[in-house]
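Let's take a friendly walk through this structure, looking at its empty spaces and at one pair of packed helices. Please have the sequence and the 3D view open as you read.

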Amino acid sequence: MPRRSPRARRKSAGAKLPQKPRVRTTPGRARKAARPKHAAAGARDTAAARKRAGRAVASRQKAVRAAKRPARRFVTPDPVRVRAIVEQLQELYPDARCALDFGTPLQLLVATILSAQCTDERVNKVTPSLFATYPDAAAFARVEQGALEKAIHSTGFFRNKAKSIREAAADIVSLHGGEVPRTLEELTMLRGVGRKTANVVLGNAYGIPGVVVDTHVTRLAHRLGLTRETDPVKIEFALMPLIPRESWTLFSHWLILHGRRVCNARKPLCSACPLSPHCPKIGVSVSA
């Protein structure tokens, strides 16, 4: 008689083996229930991984191509070309002047603070009544924040501008006897006053030359190939040795006027620009 295994002996004795409980599924969904739930998520992860790998390869290829290209160094502009640009701008705008209306250095300081992110025309509409109400630095220092905000509201960013005007006026009263200082170092020590505002005041109120760098000056300095700097202070220091010192203030006015009338940001009028023979048109893709 063949020998039976213990399992067979238990079966013949009527012992029941432990069974897995049956999982009841909704009719017609047996196959879907049996499918692993993570299959779709896994497919998405795989596709995302392929995209990441593709981007990494493209980035490496771009880096390799950039490494193979010869590095382009900025070349100091030719003095002859720079002199031609200065002379041409002087002929184009012989009556160039500060577009802000003012009667005193303090009024110019306040108007320049208000002109940030605002047109000069709008500032000139606000300042007559403002200067009549607050005639000196002590008056600006005493005015309440809310009252000054209401007076300059239409120039935009009125909260920060009101704070800068009040704090600068307080410093002028406490540190300089109510008179606007005449040096760049002292002006930039005033709260709310930077190099641009200081150079505007020095050049137009006191006749002390200074290079004012705004958006127009930044754009044209790049297009004319005068500098590759992007920081306003670095642009200022890059232009100073190129332009005669006595023309620093006027050069800023010339570029601002030229940027507004001819060399605009989106589509400069290169075909009608007298500076075109001396301009490398750096960064210009569309022109008229």
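How many nonpolar, polar and charged residues does the lining of the largest cavity have? In this predicted model, that lining has 11 nonpolar residues, along with 2 polar and 2 charged ones. The largest cavity encloses about 130 Å³ of space, and 15 residues line it. To find its centre in your viewer, look for H258, C263, C270, C273 and C279, the lining residues that lie nearest to it.

H258 is a handy place to move on from, since this residue also takes part in a helix contact. Helix α14 (residues 248-261) packs against helix α4 (residues 79-92), at an angle of about 70 degrees and with the axes 10 Å apart. An angle from 65 to 115 degrees counts as roughly perpendicular, so α4 and α14 are roughly perpendicular to each other. The crossing of α4 past α14 is left-handed. On the α4 side you will find V86, L89, Q90 and L92, and they meet F251, W254, L255 and H258 of α14. Sorted by class, the residues of this contact are 6 nonpolar and 2 polar, with no charged ones.

Now back to the empty spaces. Searching the whole structure turns up 2 cavities of 30 Å³ or more. The second largest has a volume of about 30 Å³, and its lining is made up of L106, L109, V110, I113, I165, A168 and A169. Two elements, α5 (105-114) and α9 (158-176), each give two or more residues to this lining, and α5 gives the most, with 4. By class, the lining of the second largest cavity has 7 nonpolar residues, no polar and no charged.

Definitions and conventions
Residues numbered from 1 in each chain as written. Predicted model: local features only at pLDDT ≥ 70, side-chain atom pairs only at ≥ 80, totals over all residues. Heavy atoms only, no water. Axes fitted to C-alpha atoms, helices over the stretch in contact; angles between N-to-C directions. Parallel < 35°, antiparallel > 145°, perpendicular 65-115°, else oblique. Left-handed = near helix turned anticlockwise from the far one by under 90°. Contact = heavy atoms within 4.5 Å. Nonpolar A, V, L, I, M, F, W, Y, C, P; charged D, E, K, R; others polar. 1 Å grid on protein atoms, 1.4 Å probe; cavity = no way out; pocket = protein on both sides within 12 Å on 5 of 7 lines; lining within 4 Å. Points joined across faces, edges and corners; volume = space filled by probe spheres on them.
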